[in-house]
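Here is a short report on a predicted model. Keep the sequence and the coordinates open while reading.

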Amino acid sequence: VYYEDSTMCFSTNYKFIYELKDGKESNNGVNGGLNFDFYKFGKWSTFVATEMVSNHYKGYDFKISALTGAKYYIWEKKDTCEYSFSTAIVYDNVNYTDEDTYLNTEVWRISLRPKIYQRLGKNVTLSFVMFYQPSIKNFDDYIINATFNLENKLSKHFYIDLHYNYEFRSEIPSDKYRHYDSVTELTLKLKF
């Protein structure tokens, strides 16, 4: 769900992932989040957000993140393009599936994020967002998350998205997990 007015922007998201490979379950998880973006159309915008992830295949019983920061609009033309850069402080609270992990269950991170949003036609837009999130205590512990999204407007409130996401974690709970994960999705979206 997405809501925007002349001052602020509010969005929520929820995603369920289930994957089979060769008849066996290979991925099963949920994640969701809330985001408030204040002063959306100013040169600077502050925001607060929270996210929850649960996926045993990534090593998380749960991961709850809370963050706050500021966004700087490099270039923006309403309903046509948006180029911005943001920075935030992130607090992660994690309960790992593998209890013998050496990783900390509480981590403070810095988040740096460039974002590109570009309208390609009347009903099609392209967006690219990349997060680089090193731990404040140990810059060798970092997460990179890059997302490409192609959005196609079907009607006034309904959209269909082609979505690709790549995630790399330098630190993983144990050797049975991968450092990277990628996913391609087709998503139906409702906007107000």
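Asp 22 is exposed, with a relative accessible area of 82%. That value counts as exposed because the cut-off is over 50%. Asp 22 sits in the loop between strand E2 (9-21) and E3. Its phi is near 55 degrees, a positive value in a residue other than glycine. The hairpin of E2 and E3 has 2 residues between the strands, and Asp 22 takes its positive phi there.

How are E2 and E3 joined? They run antiparallel, with 13 bridges between them. One pairing sets Leu 20 opposite Glu 25 in E3.

Asp 79 also calls for a look at the backbone. It has a positive phi of about 65 degrees, although it is not a glycine. Asp 79 belongs to the loop between E5 and strand E6 (81-96).

**From E3 onward**

E3 pairs with E4 in the antiparallel sense, over 10 bridges. Within this pairing, Asp 37 has Phe 47 in E4 as its bridge partner. The loop between E3 and strand E4 (44-55) holds Lys 40. Is Lys 40 buried or exposed? Lys 40 is buried, with a relative accessible area of 6%. The C-alpha atoms of Lys 40 and Thr 7 are separated by 5.7 Å, while the two residues are 33 residues apart along the chain.

**Salt bridges**

Side chains of opposite charge can pair when their charged atoms come close. In this model the count comes to 11 salt bridges. Three of them are listed here.

| Acidic residue | Basic residue | N to O distance |
|---|---|---|
| Asp 37 | Lys 71 | 2.7 Å |
| Asp 141 | Arg 109 | 3.2 Å |
| Asp 161 | Lys 189 | 2.9 Å |

Start with the side chains of Asp 37 and Lys 71, which meet in a salt bridge at 2.7 Å, N to O. The pair links distant parts of the chain: Asp 37 is in strand E3 (residues 24-38), Lys 71 is in strand E5 (residues 60-77), and they are 34 residues apart. Asp 37 counts as buried, at 4% relative accessibility. Lys 71 is buried too, with a relative accessible area of 5%. Both values are buried because the limit is under 20%.

Next come Asp 141 and Arg 109, whose side chains meet in a salt bridge at 3.2 Å, N to O. This pair also links distant parts of the chain, 32 residues apart. Asp 141 is in the loop between strand E8 (124-134) and strand E9 (142-153), and Arg 109 is in strand E7 (residues 106-119). Both Asp 141 and Arg 109 are buried.

The side chains of Asp 161 and Lys 189 form a salt bridge at 2.9 Å, N to O. Asp 161 lies in strand E10 (residues 158-169) and Lys 189 in strand E11 (residues 180-190), so the pair ties together parts that are 28 residues apart in sequence. What is the burial state of each partner? Asp 161 is buried, with a relative accessible area of 5%. Lys 189 is partly exposed, with a relative accessible area of 25%.

Some salt bridges share partners. They join Lys 58, Glu 167, Arg 178 and Asp 181 into one network.

**A nonpolar patch**

Which residues form a nonpolar patch on the surface? They are Trp 44, Tyr 72, Ile 74, Trp 75 and Phe 85, with about 570 Å² of accessible area together. E5 gives the most to the patch, with 3 residues. Tyr 72 lies in strand E5. Tyr 72 is partly exposed, with a relative accessible area of 30%.

**Cysteines**

A disulfide is a covalent bond between the sulfur atoms of two cysteines. How many disulfides does a search of the whole structure find? The search finds 0. Why is Cys 9 not bonded to Cys 81? The closest cysteine sulfur to that of Cys 9 is in Cys 81, and at 17 Å it is too far for a bond. From the other side, the sulfur of Cys 81 has its closest cysteine sulfur in Cys 9, again 17 Å away. A disulfide needs the sulfur atoms within 2.5 Å. Cys 9 is buried, with a relative accessible area of 5%. Cys 81 also counts as buried, at 7% relative accessibility.

Technical notes:
Residues numbered from 1 in each chain as written. Predicted model: local features only at pLDDT ≥ 70, side-chain atom pairs only at ≥ 80, totals over all residues. Heavy atoms only, no water. Salt bridge = Lys/Arg side-chain N within 4 Å of Asp/Glu carboxyl O. Helix = DSSP H or I, 4+ residues; strand = E, 2+ residues; numbered from the N terminus. Buried < 20%, exposed > 50% of the residue type's maximum accessible area, 1.4 Å probe, protein only. Patch = residues over 30% accessible without salt bridge, like charges linked within 9 Å, V, L, I, M, F, W, Y side chains within 5 Å. Areas by Shrake-Rupley, 256 points an atom, 1.4 Å probe, with all protein chains shown as cover. Pairing = 2+ DSSP bridges.
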